[in-house]
Amino acid sequence: MPRPHVEEERRQQILEATWHVIAVSGFRSLRLSDVAKRAGVSSGMIHYYFDTKRDLLKAAFERYYEHSMQRRQWVMETGKGPLELLKLIVESYVPVEDETMEGWHVWSELWVEGLQEPDLQQLNEDFYGQWRRLVAGIIRDGQDAGVIRDGSATELANMLIAMMDGLAIQVLLGSRSMTAERMRTTCLAFIDEMLPKQAAR
């Protein structure tokens, strides 16, 4: 019987392979044989860890959210002020690098499938609740420090998050009028609009 740490490593290996396949093939076209090939295991091994394809996909999305946050942990550890943190977050989400592009493909697949799947809707609700609280917390810190204008921190967080999501989808679709650089410029301009009125003059 595999040792516990070996089992966990193999499970993570399968989950990582799953989100790689989702990013390339899409959610509906995903085949367990493709995941097994990517992970370097047998299809039977996948069933050993996950009873159904739905269990595998839900676990893969959960793990990807953790992975996404871990990738950006360095931002929170920079010791930068609130405005700089928000700008670094924007930079980390602009779909330029391969890994970031892959991430947006995974999230877009979750949104599409979530329209029909209640369990994925709840997953999205949980993830976005955590994400919104994180961004709102940074904004609130900026308001307390007097570098971000007054107002609902949650509403400002929602606007910034929605802007990043919406513009990133346009970039993924290859919009000629919404490039990655324009997405960056637009989101950073919105952060500048958060400055107190006297500081923005």
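Welcome to a quick tour that starts in helix α4, whose buried residues are Leu-56, Leu-57, Ala-59, Ala-60, Phe-61, Arg-63, Tyr-64, Tyr-65, His-67 and Ser-68. Please keep in mind that this is a predicted model. From α4 we move to the aromatic pairs, then to Thr-18 in helix α1, and finally to the nonpolar core.

**Helix α4**
- Helix α4 has 19 residues, and the distance from its first C-alpha to its last is 26 Å.
- That reach is close to the 27 Å expected at 1.5 Å a residue.

**Aromatic pairs**
- The count of aromatic pairs comes to 10.
- In one of them, the ring centres of Phe-27 and Phe-61 are 5.7 Å apart and the planes meet at 10°; planes under 30 degrees apart count as stacked, so this pair is stacked.
- Phe-27 sits in the loop between α1 (4-25) and α2 (32-39), while Phe-61 belongs to helix α4 (residues 53-71), so the pair ties together parts that are 34 residues apart in sequence.
- Both partners lie under the 20% cut-off for burial: Phe-27 counts as buried at 3% relative accessibility, and Phe-61 is buried with a relative accessible area of 1%.
- Tyr-65 and Phe-127 make another stacked pair, with 4.4 Å from centre to centre and 5° between the planes.
- Because Tyr-65 lies in helix α4 and Phe-127 in helix α8 (residues 118-144), this pair ties together parts that are 62 residues apart in sequence.
- Tyr-65 and Phe-127 are both buried.
- These two residues also belong to one aromatic cluster, formed by Trp-19, Tyr-64, Tyr-65, Trp-107 and Phe-127.

**Thr-18 in helix α1**
- Thr-18 is part of helix α1 and is buried, with a relative accessible area of 0%.
- Setting aside residues up to four places away in sequence, Thr-18 touches Leu-30, Val-35, Leu-56, Leu-57 and Ala-60.
- Leu-56, Leu-57 and Ala-60 are among the buried residues of α4.

**The nonpolar core**
- As general background, nonpolar side chains in soluble globular proteins tend to be buried together.
- Here, the largest nonpolar core has 62 residues.
- The residues with the most contacts inside this core are Ile-14, Ile-46, Leu-86, Trp-131, Ile-139, Leu-160 and Met-164.
- Leaving out neighbours within four places in sequence, Ile-14 is in contact with Val-35, Ala-39, Val-41, Met-45, Ile-46, Tyr-49, Phe-50 and Leu-56.
- Val-35 and Leu-56 also appear among the residues that Thr-18 touches.

Notes
Residues are numbered from 1 along each chain as its sequence is written. This is a predicted model: local features need pLDDT of at least 70, side-chain atom pairs count only at pLDDT 80 or more; totals for chains, interfaces and linings use all residues. Side-chain values use heavy atoms; hydrogens and water are left out. Rings of Phe, Tyr and Trp (its six-membered ring) pair if their centres lie within 6.5 Å; planes under 30 degrees apart count as stacked, over 60 as edge-to-face and the rest as tilted. Helices (H or I, at least four residues) and strands (E, at least two) are DSSP runs, numbered from the N terminus. Buried means under 20% relative accessible area, exposed over 50%, partly exposed in between (1.4 Å probe, protein chains only). The expected span of a helix is 1.5 Å times one less than its number of residues. Contact means heavy atoms within 4.5 Å. A nonpolar core is a set of buried Ala, Val, Leu, Ile, Met, Phe, Trp, Tyr and Cys residues joined through side-chain atoms within 4.5 Å.
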